[in-house]
Amino acid sequence: LVPSESYSDAYTFRHALLREALYADLLPGERVRLHTAYAKLATENPDPKAAEYLAFHSLHSNDLGTALAASVRAADYAMSVGALSAEFRHVEQALELWDAVDDAEARAGVSELALLRKAAYVAAAAGHPERGLAYARAAAARAETAHDPVERADAHRQLADALLTDGRYDEAFDAIKEAWRLVENTEPSKVRARVLAARARCVQNDIHESRTYAEAAIADARTAGSASAQADALITLAYTDLREGRADEACDLLVRAGEKAAEAGAHEVELRARFNLCVNEYELGRLDRAANAADDGVARAAEVGLTWSPFGRALRWMQV
């Protein structure tokens, strides 16, 4: 054993192979007792980082209820420091434990639907789009048991967004059509604005219809105070401007959308705006401006921890 470089009051093995050899040599009862002892120490540690250790040792000491709750807390901590891959790992572990724990929602402090939706977002943001789409489908199916139609609508909207990113436009339209059915006759809200913004993207082949939904999304977003939905709809409006021959106006609108999304902390929307700006400049033949937009977008994606998100990857592709 040698003093840890990460913690002043801890030790670590000189080599990982020594640790693995000793661990493998333990009898099952010894192993569980050691995990239980470490779990007790982690429970007493107020440091939020300890949730990760508590989740690990509780799982291996067969205390599944504690492991579930600690996995959720560990995911929240990972999110707070931008560790997307770690967050995804902890959310998946919580979902794996869900059916094995009595009264799982009370123990976890969050619903299974909320965890599925978080998994869908984090998987895609961490560079696993196919896994994110699978979780988005599972969330939409799970939402059918929810009593709140607005909650169901938002799950279908999230599925539509994932399908759009994957190029499955017909499926995306079906998903957003169901989401719109659930909120069409409700008052303006953040969810309704997001649904309208996604519907505007789904019908982009019809410029008039796309503009109508985008403008409705902006109106709802302003009423409900959703800057992210407003920025999302502005990006779609820019696309219609471009198709109608207003190239410079479209680029200006994309810059505004990116700034608004950044102010709201909606970084995936911000990267979508940056990607569309880069594509517009490229297709207009303004290659220096396109290259600058790509470089700035790639740097921004890295800064906010979304290098491997859908639009983070798309910006890197455009940069090449």
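Helices here are DSSP runs of H or I with at least four residues, numbered from the N terminus. I keep that beside me, since my notes go by helix number. The model I am reading is a predicted one.

**Entry 1: the whole chain**

I started with the overall picture. The protein chain holds 17 helices and two strands. Along the principal axes, its C-alpha atoms fill a box of roughly 70 × 50 × 30 Å. I then looked up burial: of the 320 residues in the protein chain, 47% are buried. For contacts with a separation of 6 or more, I noted that 54% join residues 24 or more positions apart.

**Entry 2: α3 and the loop after it**

Next I went to α3, which spans residues 50–60. Which residues of α3 are buried? I listed Ala50, Ala51, Leu54, Ala55, His57 and Ser58. The spacing made me recall a helix rule: with 3.6 residues a turn, residues three or four places apart point the same way. What covers the buried residues of α3? The cover includes α2 (28–43), α4 (64–80) and α5 (84–97).

I followed the chain out of α3 and stopped at Asn62, in the loop between α3 and α4. Asn62 has a positive phi of about 70° although it is not a glycine. I also checked whether Asn62 is buried or exposed. Asn62 is exposed, because its relative accessible area is 57% and the cut-off for exposed is over 50%.

**Entry 3: another positive phi**

I found a further case at Asp103, in the loop between α5 and α6 (104–108). Phi of Asp103 is near 55°, again a positive value in a residue other than glycine. Asp103 has a relative accessible area of 58%, so I put it down as exposed.

**Entry 4: α10 against α11**

I turned to the pair α10 (residues 169–183) and α11 (residues 190–202). Their axes come within 9 Å and cross at roughly 145°. The crossing of α10 and α11 is left-handed. Who meets whom took a moment to write out. From α10 come Ala172, Phe173, Ile176, Lys177, Ala179, Trp180 and Val183. From α11 come Arg192, Val195, Leu196, Ala198, Arg199 and Cys202. I sorted the residues of this contact: 10 are nonpolar, none polar and three charged.

Trp180 caught my eye, so I gave it a note. Trp180 sits in helix α10. Is Trp180 buried or exposed? It counts as buried, because its relative accessibility is 12%, and buried means under 20%. Leaving out residues up to four places away in sequence, Trp180 touches Arg192, Val195, Leu196 and Arg199. I also checked a residue 140 places from Trp180 along the chain, Lys40: the two C-alpha atoms are separated by 49 Å.

**Entry 5: α15 against α17**

The other pair I looked up is α15 (residues 267–283) and α17 (residues 310–319). Their axes are 8 Å apart and pack at an angle of about 25°. Angles under 35 degrees count as roughly parallel, and α15 and α17 are therefore roughly parallel to each other. The crossing of α15 and α17 is left-handed.

On the α15 side I wrote down Glu268, Leu271, Arg272, Arg274, Phe275, Cys278, Val279 and Tyr282. On the α17 side they meet Pro310, Phe311, Gly312, Ala314, Leu315, Trp317 and Met318. The residues of this contact divide into 11 nonpolar, one polar and three charged.

**Entry 6: Ser309**

Ser309 lies in the loop between α16 (287–303) and α17. With a relative accessible area of 0%, Ser309 is buried. Which side chain does the Ser309 side chain make a polar contact with? It is the side chain of Glu268, at 3.1 Å. A polar atom of the Ser309 side chain also lies 2.8 Å from the backbone oxygen of Leu306. Setting aside neighbours within four places in sequence, I found Ser309 in contact with Ala124, Ala125, Glu268 and Leu271. Glu268 and Leu271 are on my α15 list from the contact with α17 too.

**Entry 7: His267**

I closed the day with His267, in helix α15. His267 counts as partly exposed, because its relative accessibility is 23%. Its side chain makes a polar contact with the side chain of Glu270 (3.2 Å). Beyond four places in sequence, His267 touches Ala262, Arg300, Val304 and Leu306. The C-alpha atoms of His267 and Ala301 are separated by 8.1 Å, with their positions 34 residues apart along the chain.

Notes: Residues are numbered from 1 along each chain as its sequence is written. This is a predicted model: local features need pLDDT of at least 70, side-chain atom pairs count only at pLDDT 80 or more; totals for chains, interfaces and linings use all residues. Side-chain values use heavy atoms; hydrogens and water are left out. Axes are lines fitted to C-alpha atoms, for helices over the stretch in contact, and angles run from 0 to 180 degrees between N-to-C directions. A crossing is left-handed if the near helix is turned anticlockwise from the far one by less than a right angle, and right-handed if clockwise. Contact means heavy atoms within 4.5 Å. Ala, Val, Leu, Ile, Met, Phe, Trp, Tyr, Cys and Pro count as nonpolar, Asp, Glu, Lys and Arg as charged, and the others, Gly among them, as polar. Angles under 35 degrees count as roughly parallel, over 145 as roughly antiparallel, 65 to 115 as roughly perpendicular and the rest as oblique. Buried means under 20% relative accessible area, exposed over 50%, partly exposed in between (1.4 Å probe, protein chains only). A polar contact is a pair of N or O atoms within 3.5 Å; within protein, one must be able to donate a hydrogen and the other to accept it, and residues adjacent in sequence count only if both atoms are side-chain atoms.
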